[in-house]
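Keep the model open as you read. We will go from the sheet to a helix and then to a hairpin.

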Amino acid sequence: MAPTRLSSRSKSSTLSPAGGVRTGSTVADLKQSFLDNLLCGLGRMPGVATPHDAYTALALTVRDRVFRQGVHTLEAYVQEDARIVAYLSAEFLPGPHLANNLLNLGLTEATRQALSELGLNLDDLIEQEEEPGLGNGGLGRLASCYLDSLASVEVPAIGYGIRYEFGIFDQTLKDGWQVEITDKWLRFGNPWEIARPEIAYDIPFGGRTEGWTDAAGVYRVRWIPDSVVKGVAYDTPILGYGVTTCNPLRLWKAEAVESFDFSAFNVGDYYRAVEGKMESETITKVLYPNDEVIQGKTLRLQQQFFFVSCSLQDMIRVHRMLGRPLDRFHEKWAVQLNDTHPAIAVAELMRLLLDEHGMDWDTAWNVTRQTLAYTNHTLLPEALEKWPVGLLGWLLPRHLELIYEINARFLDEVRLKFPGDDARVARLSIIDESGERYVRMANLATVGSHTVNGVAELHSALLKQTVLRDFAELWPVKFRNVTNGVTPRRFVAVSNPPLAQLITRRIGEGWLRDLTQLRKLEPFADDPEFQRQWREVKLTAKRGLAQLIRERTGVTVDPESMFDVQVKRLHEYKRQHLNVLHILTLYLRLKRDPQTDLPPRTFVFGAKAAPGYFMAKLIIKLINTVASVVNHDPAVRDRLKVVFFPDYNVKNAQHVYPAANLSEQISTAGKEASGTGNMKFALNGALTIGTLDGANVEIREEVGAENFFLFGLNAPQVQELKSQGYRPHDLYEQNTSLREVLEFIGSGALADGDASLFRPLVDNLLWHDPFLVLADYQAYLECQEQVSQLWRDPHAWTRKSILNAARMGKFSSDRSIRDYCERVWRVKPVSILGGSHQPTADAPERDPSSF
């Protein structure tokens with residue numbers, strides 16, 4: 001890369017003396033700290049620094065200020081003997097850190113000025129940052145929103161996950177097909193993390209167990225593993241907004257206990273000399289290995305157990321170092337299982353308490369159940385994790401024994417309450433014995449947790465009616481709802497500064513900490529001047545996205561057209577192909593009658609498909625094929641454009657959400673747990689077209705039915721239609737427009753005459769249609785006509801856009817975290833005032849280095 005040219009004034013600067021300059025907040029302090037980090041941290045002279053050098057020096061400058069607050073925060077938690085939330089998630093999608101940390105520190109403009117005086121542009125350096133691809137989609141992004149809010153509402157917390165060397169794949173397109181490229185997010189290092197090699201734990205795998213009797217005559221079990229891997233901690237600070245709270249995200253990297261075998265090396269067996277290192281490090285090599293083969297299943301289970309065991313051992317270490325008895329572990333730790341990936345924590349905490357710390361069963365089970373809580377994120381039965389008994393017993397033999405014992409005791413309880421109901425016992429059992437035997441991880445998590453929550457009101461209700469119905473009947477008070485939320489800091493203030501500034505000028509800046517204050521915008525919804533400013537902010541965002549689309553795809557789009565956007569993970573239930581059917585309906589209508597009155601639209605898609613998910617990848621190919629045909633057909637005269645924006649991630653999302661006019665939330669009712677993209681779009685003033693699915697239901701209630709484009713079957717109607725024997729081919733026969741579109745796709749007209757290319761998709765819709773695309777097609781078209789009609793009236797559209805944003809206060813992740821604190825965790829905030837903490841008079845002196 002070419003050097004970054006700093007102004008001549010910077011070259012004469014000297015290193016700062018020790019003291020306050022290193023973490024100061026003035027422009028002069030920031031300039032000096034930046035130069036110190038460039039010269040001493042990176043060994044670079046300003047005149048030869050690359051753009052990435054400058055970004056890294058700035059990141060270290062900001063990190064100094066963040067970590068200072070992190071040290072004070074941990075000190076406060078220790079001195080206050082606070083109860084701490086431990087958020088266990090196999091995924092975190094934090095997005096780029098630099099802009100978010102500057103916002104939270106309140107240093108964005110001071111930093112901009114400091115860099116400008118050095119001849120640098122802050123926005124250019126922000127674009128240099130590599131995004132940590134530590135998640136697949138909404139699950140990981142939600143976890144990161146929650147870490148942001150935990151710090152912002154001053155809740156003592158620590159996030160635990162995996163430091164994947166290679167994250168979610170980078171997506172490129174070749175002939176319209178998705179191609180997965182290795183995500184080398186660590187190739188230039190990660191300036192935001194600090195390695196903690198002194199915090200490491202041995203993680204056993206395989207082997208056998210044997211019984212023994214201790215000195216007190218109590219029967220015990222020891223696990224004799226075949227192999228042991230070491231888990232090493234890496235900490236990233238997560239800073240709250242407008243507070244001095246800074247909680248750690250602790251990610252675990254797998255290493256060999258002995259990384260080099262000298263004896264093998266000395267006899268010339270060079271492969272065996274490093275074999276242990278390679279095998280151990282494979283565990284944290286890549287996010288979500290392909291689990292269609294047994295090797296992938298094994299690795300995925302290894303990953304889950306690895307990070308869960310590291311995390312629980314870490315909590316126990318801290319707990320004991322602070323002088324706390326283990327039988328009170330649950331009083332000081334609230335452990336949240338983010339979906340079933342960490343569900344093995346039930347058996348692992350029992351193992352640690354029983355086998356490693358000599359606790360009796362009843363006490364250990366009481367501690368375990370009062371410590372753990374479980375969030376369910378899916379209503380799809382096939383998405384509820386199950387592990388073959390043989391695999392789990394081979395990899396984790398002690399855990400299978402414990403699961404059998406937990407299950408036996410649990411089923412005894414079931415039989416007492418429901419005598420003679422063998423079918424119910426079979427459904428509730430942690431072990432699925434209907435065919436090949438499996439361990440049901442959702443059942444294990446539910447049995448071993450004190451609370452189970454869904455993530456939207458509809459989802460929580462359906463959870464109790466469908467996949468966990470028997471558990472809800474057994475333990476009705478165990479089930480709660482906590483509707484998901486998103487952070488307005490990243491998804492408005494960082495992503496859309498002009499909108500944030502416009503809102504702040506009208507109602508003050510308090511809305512970033514209390515999103516319900518957006519209601520103050522409602523009186524301006526009909527104000528002509530405010531409407532003009534609102535439209536100008538949106539148009540500016542659309543121009544920015546249009547430029548990015550042109551750079552990334554070569555497609556030129558009109559910023560004045562309606563931006564109709566669907567960006568999310570590619571899955572059939574999310575129904576990107578329903579959107580495509582609508583596009584082709586409009587296209588064929590224009591081909592028949594070029595004079596059709598159709599407001600110009602730009603359809604924007606962004607999605608990644610799981611590498612082994614054929615149908616999802618075929619839908620991506622269909623979208624790109626349709627885009628190629630539509631965009632190059634002069635008959636549509638630029639009234640339709642279709643764009644597939646590649647490599648959709650948090651960084652790219654920050655350009656997309658501000659630019660959308662219409663948000664497509666069109667999943668089959670009853671399939672989406674919540675969705676959070678719907679919230680991010682609405683916060684940025686997009687109108688929603690959607691079904692009564694997930695959080696759409698609550699969004700519609702909040703913004704008003706008249707400000708939401710509703711279509712399609714609801715969840716009970718979906719179930720009723722399926723129970724009656726759904727026949728999608730009948731709809732094809734009855735609906736002329738639908739038949740025309742499907743025949744067009746199946747004819748090969750989109751694929752140079754290759755009628756076989758999209759035949760699997762067409763046949764699936766005609767004869768199976770598991771997600772009722774054809775059932776909702778006509779209602780979707782009619783609703784889209786309402787969208788077009790409203791778009792013709794800029795005043796009416798802008799009014800609804802303002803009201804959508806103004807009424808999104810409920811959907812802040814800050815509110816979600818407060819709900820968790822009240823309904824699930826029983827945790828209270830701890831304020832860290834002025835960057836330091838004064839313990840209460842009677843608080844014992846404790847060592848903050850425990851963390």
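The paragraphs below take these parts in turn.

This is a predicted model, in which local features need pLDDT of at least 70, side-chain atom pairs count only at pLDDT 80 or more, and totals for chains, interfaces and linings use all residues. Residues are numbered from 1 along each chain as its sequence is written, and side-chain values use heavy atoms, with hydrogens and water left out.

Start with the open sheet of nine strands. Its order is 5-8-9-2-1-10-11-15-16, with mixed pairing. Helices (H or I, at least four residues) and strands (E, at least two) are DSSP runs, numbered from the N terminus. Two strands pair if DSSP finds at least two bridges between them. Strand 5 (194-205) and strand 16 (479-481) stand at the edges; each has a single partner strand, so one side of each lacks a neighbour in the sheet. Within the sheet, strand 10 (residues 333-338) and strand 11 (residues 372-375) run parallel, joined by four bridges. Here Val335 stands opposite Leu372.

Now find helix 7 (residues 138-152). Is it enclosed or open? Of its 15 residues, 14 are buried (under 20% relative accessible area, 1.4 Å probe, protein chains only), so helix 7 is largely enclosed by the rest of the structure. After helix 7 comes Glu154, with a positive phi near 65°.

Finish at the hairpin. Strand 3 (residues 170-174) and strand 4 (residues 177-181) run antiparallel, with five bridges between them. Leu173 of strand 3 faces Gln178 in strand 4. Two residues separate the strands, and Asp175 in the turn has a positive phi of about 55°.

How values were computed
Buried means under 20% relative accessible area, exposed over 50%, partly exposed in between (1.4 Å probe, protein chains only).
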